[in-house]
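Trainee: I should like to learn how the features of a protein model are read, one at a time. May we begin with the overall fold and then proceed to individual residues?

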Amino acid sequence: MQCGVEEVQPLLEDAGEASIKLGGLAVFHNEEEDVLYLQVESPQLEKLNEKLGTLPNVQTYSKYRPHLTIAYLKPEEGDKYLSLDNPAQGIEYRTERLLFS
């Protein structure tokens, strides 16, 4: 079953602002590609994920990890980028709203 706006929107109505803190670089390793991303700390996003998890869905990953994708790379290429300077680490900001599209 697919969820639409009617099912998702009520869960977002009281979500309000979310504080987000950018963390270090990390990599998801997959057979097809590596995914370089910035870790994200956000209790509000984790709470929202729990709410959205009550809707019919297919979980393809064992744990929710809020993140910002930087690049899709060839398999086994991601780790070499982990030592790069990360000027975004530690930046904090707040979202004004959440949008379902």
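**Reading the sheet and its residues**

Mentor: Four strands form an open sheet in the order S3-S2-S1-S4, with antiparallel pairing. Because S3 and S4 stand at the edges with a single partner strand each, one side of each is left without a neighbour in the sheet. From one strand to the next, the twist averages 35°. Please bear in mind that this is a predicted model.

Trainee: How many bridges join strand S2 to S3?

Mentor: Two strands count as paired if at least two bridges are found between them. Strand S2, residues 34-41, is joined to S3 by six bridges, and the two run antiparallel. One bridge can be read residue by residue: Asp 34 has Leu 73 in S3 as its bridge partner.

Trainee: Let us turn to a single residue. Is Ala 18 buried or exposed?

Mentor: Ala 18 is placed in strand S1, which covers residues 18-29. Its relative accessible area is 1%, so Ala 18 is buried, the cut-off being under 20%.

Trainee: Which residues does Ala 18 touch, leaving aside those up to four places away in sequence?

Mentor: With that exclusion, Ala 18 touches Ser 42, Gln 44, Tyr 93, Arg 94 and Thr 95. For Thr 60, the C-alpha to C-alpha distance from Ala 18 is 25 Å, and the two are 42 residues apart in sequence.

Trainee: Where does Asn 86 lie, and what does Asn 86 touch?

Mentor: Asn 86 lies in the loop between S3 and S4. At 14% relative accessibility, Asn 86 counts as buried because the value is under 20%. Beyond residues up to four places away in sequence, Asn 86 touches Gly 23, Gly 24, Leu 25 and Leu 38.

Trainee: How should salt bridges be read, and how many are counted?

Mentor: Side chains of opposite charge can pair when their charged atoms come close. The count here comes to two salt bridges. In one of them, Arg 94 pairs with Glu 17, and the closest N and O atoms are 2.8 Å apart. This pair links distant parts of the chain, 77 residues apart: Arg 94 is in strand S4, while Glu 17 is in the loop between helix H1 (5-13) and S1. Arg 94 is partly exposed, with a relative accessible area of 49%, and Glu 17 is partly exposed at 41%.

Trainee: Which side chains meet in the salt bridge that involves Lys 80?

Mentor: Lys 80 meets Glu 77, with an N to O distance of 2.8 Å. Glu 77 has 29% relative accessibility and counts as partly exposed. Lys 80 stands at 52% and therefore counts as exposed, the cut-off being over 50%.

Trainee: Which residues form the nonpolar patch on the surface?

Mentor: The patch consists of Leu 68, Ile 91 and Tyr 93, which together have about 250 Å² of accessible area. Ile 91 lies in the loop between strand S3 (67-73) and strand S4 (92-95). Ile 91 is partly exposed, with a relative accessible area of 42%.

Trainee: Finally, what is notable about the backbone of Glu 76?

Mentor: Glu 76 has a positive phi of about 65°, although it is not a glycine. Glu 76 is located in the loop between S3 and S4. With a relative accessible area of 64%, Glu 76 is exposed.

Key
Residues are numbered from 1 along each chain as its sequence is written. This is a predicted model: local features need pLDDT of at least 70, side-chain atom pairs count only at pLDDT 80 or more; totals for chains, interfaces and linings use all residues. Side-chain values use heavy atoms; hydrogens and water are left out. Buried means under 20% relative accessible area, exposed over 50%, partly exposed in between (1.4 Å probe, protein chains only). Contact means heavy atoms within 4.5 Å. Patches are made of residues with over 30% relative accessible area and no salt bridge: like charges are joined within 9 Å, nonpolar side chains (Val, Leu, Ile, Met, Phe, Trp, Tyr) within 5 Å. Accessible areas come from the Shrake-Rupley method with a 1.4 Å probe; for residues, only the protein chains shown count as cover. A salt bridge is a side-chain nitrogen of Lys or Arg within 4 Å of a carboxyl oxygen of Asp or Glu. Axes are lines fitted to C-alpha atoms, for helices over the stretch in contact, and angles run from 0 to 180 degrees between N-to-C directions.
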